[in-house]
Amino acid sequence: MTQPRDRELRLALVCYGGISLAVYMHGITKEIWRLAHASCSAQAGEDGSGIYRELLEEIRTSSGVDLRVLVDILSGASAGGINAIFLAQAITSGQSLEPLTELWLTHADVEALIEPRQAPSHRFAKIWAAPIAWIVANRSKAIDATVDPEVRDEVRLKLERFVRSRWFEPPFGGTRLLTMLLDAFKAMASGPTSRRLLPAGQPLDLFVTVTDFRGHPETLRLNTPAEVVETEHRLVFPFSDHGRSDAGFADPAELAFAARATSSFPGAFPPFGVEEIDTLLAERGDAWPGRDAFLRRMLPQQWEASRAEKAVLIDGSVLANAPFRPAIEALRERPSRRQVDRRFVFIDPFPNFRFDFYGEQDAKPGFFQTLIGSLSELPREQPIRDNLEAISARSEKIERMLSIVTEIRAEVETQVEALFGYTLWLDFPTPKRLATWRRRAQVAAAARAGYGHTAYGLLKVDGTIDRIARLIYTLGERHEPERLREIRGAVATAVRDRGADRFGAMVSNGASPPTLDFLRSHDLGFRTRRLRLLARRLSEIERSGAEAELLPIRTAIYESLASYIELKRSEPFADLRGAMNAVTEDAGAVLDALGERMALRALDTATDARLSDGFSALSKELRRPMLLAHLGFPFFDIATLPLLQGEGMDEFDPIRVDRISPDDATAIRQGGAEATLKGIQFNSFGAFFSRAYRENDYLWGRLHGADRLIDIVLSTLSVEDQLPAERVTALKRRAFHAILDEEEARLTAVPGLFRQLRDEIGAA
């Protein structure tokens, strides 16, 4: 039997804001959680059923790919931030998202969210405002045209009550929302729990955007004057479980803090502050032992100025509705034990949504339209193009690098064979021989590169300095950009003072002894690039059908790679935090401490032993191309590192971007959000006005999620391994019917929708 090829589909999930469409996004994230859960259970060898297990098993049987699906990076703003937080909690804790559904359906309602002191005091209060509600309803064509007849009175009554609330103050209660969030985490904790849905050592990182209304000072370096101070309003709250199941993700109070802050939609909810959560936790009798440490970490500038407790926080989507950047930066420290297909998946519940105040497309905007538009929506919508272009540029860079490797492979292999002779493939590759061959290849590559090797070497040193500086910065107490510059300057000075940046054709071995010592002690990037290139060559050879024979070398490569990448993370050095803070006084001592802790020479010896066993298990025909790739790496690296601009790209593969939205999930119904979602009414506040709205949107969220996730999973397969179109259609139909069967008893406010959907989907 052919040995299945291991592969991981890694999802970095970015969740947009969407106000009441949070309910729709809950349906989508629930499907993502189910897919990750099914994959985790399959890897553990547990019995299970369901369409996702069936899909993964069919892929394994038909293509020979043992695909694991995991979600390891999440980022969100506003309503998307809430959903990202809950999904992250479910993944890292093994808790279920099921208890959240009823909370969303019951409590995401205008009657539950409206602040009691903002509500009309009696039935005749502000009676003159009732016609405004009728005008709003008629203008949006929201009630008679889109609401089932049996719930139209409910929507009219709630809309009238909402409009008659006190004006010039947010109608929704911040404490009410915070209570709902804390109750949701409590419900998850008391519900069913399985295991963490990520492999050991694979970190889960969560990023939640928030807007600091008053802003905080950030220092910028210029030529003249040397420094200026700028007010920064963007905040990103980072969370991580550091790849451990026993470390805990975050206190529920901290997650609720982030969720409440990111969803403080201006005009709907009041701004959020520390006093609000302190008061509520005291009333509930809930302890928050890590309060001060959390505030110091999330609001460092405000904490230093003794005003963290006075910070005014509003919706994260005001300045960054699509927070790609922190998710991109999280790619720096991703361990890998198998081939990775990295996807950025973003959930956009209502593509091209625009608030009503923009007016007709061809009409010139008036004074207030221009003013309100510039203050409310333009800043938050613009960054997505820049971020997607950055992802695309990164992927194109890697594609070009891989293309260069392919083009020069024959020439590099000729150089290596000339260096060692054909008898190399007949020798047993012992660890000692492997280390000797490797060093000899590196010296030869440096000599033949001429003066180009100096530029390459300096780029390696700079990249190593960057990595060390970022590690020290992460471990330190101050986290502003100026501090990172200080640390890098101190490390770079120490390297220069030691003469560890000397390269040249006239220098023995191409570099000075201090330079070689520095790189042998600290250059993780060179080691990881070498192993990733070897893994890439392995994957190419595996396509010939030799998976079983290649399994020992595959295991050796990925076990070795994991050991090096573990040292790129900050956790192994946490106990050195005190020494790291003194880096600007004595960077040399810090370099020595880090070098001793990493012990790269010992790790290189262990790697040579693993690879020796892996190479020795291969036939001569397979050993030759694998050894050529391994020994030829210095030649490849000199040619390609300048293209990567010194980046240590841990995931040595292009990134692809997928979107989940009503416009993309068309297996059941065309027409996008307008044809499927109720919550888009009233400028996306619609689902707050009726449980029927929420049930409709939640159900469509699950259906759209299943539709797109099946597409995304299948897109990992090569063209020749793709399932027939009719089989994909059948899988989707089964998934849709399974969702309808599961939800029909719960979603009692939309019986007509179930009948309609079964007709549209057709027989399973």
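## Rings and helices: a few exercises

Ring pairs join Phe237, Phe239, Phe249, Phe257, Phe272, Trp288 and Phe294 into a cluster. Keep in mind that this is a predicted model. Altogether, the count comes to 14 aromatic pairs.

**Exercise 1.** Work out whether phenylalanine 237 and phenylalanine 294 are stacked or edge-to-face.

*Solution.* Start with the ring centres, which sit 6.5 Å from each other. Next, take the planes: the angle between them is 75°. Planes over 60 degrees apart count as edge-to-face, and that's what this pair is. Now place the two rings: phenylalanine 237 belongs to strand S4 (residues 227-240) and phenylalanine 294 to helix H11 (residues 291-298), so the pair ties together parts 57 residues apart in sequence. Finally, phenylalanine 237 and phenylalanine 294 are both buried.

**Exercise 2.** Do the same for phenylalanine 324 and phenylalanine 344: how are their planes arranged?

*Solution.* The centres are 6.3 Å apart and the planes meet at 20°, so this pair is stacked. As for location, phenylalanine 324 is in the loop between strand S5 (313-314) and helix H13 (325-329), while phenylalanine 344 is in strand S6 (residues 339-347), 20 residues apart. Both phenylalanine 324 and phenylalanine 344 are buried.

**Exercise 3.** Describe how helix H1 and helix H30 pack.

*Solution.* First, find the helices: H1 covers residues 22-43 and H30 covers residues 691-714. Their axes are 7 Å apart, at an angle of about 40°, which makes H1 oblique to H30. The crossing of H1 past H30 is right-handed. Then look at who touches: the contact includes Val23, Tyr24 and His26 of H1, and Arg694, Asp697 and Tyr698 of H30. Sorted by type, the contact residues are ten nonpolar, five polar and six charged.

How values were computed. Residues numbered from 1 in each chain as written. Predicted model: local features only at pLDDT ≥ 70, side-chain atom pairs only at ≥ 80, totals over all residues. Heavy atoms only, no water. Axes fitted to C-alpha atoms, helices over the stretch in contact; angles between N-to-C directions. Helix = DSSP H or I, 4+ residues; strand = E, 2+ residues; numbered from the N terminus. Parallel < 35°, antiparallel > 145°, perpendicular 65-115°, else oblique. Left-handed = near helix turned anticlockwise from the far one by under 90°. Contact = heavy atoms within 4.5 Å. Nonpolar A, V, L, I, M, F, W, Y, C, P; charged D, E, K, R; others polar. Phe/Tyr/Trp six-rings, centres within 6.5 Å; stacked < 30°, edge-to-face > 60°. Buried < 20%, exposed > 50% of the residue type's maximum accessible area, 1.4 Å probe, protein only.
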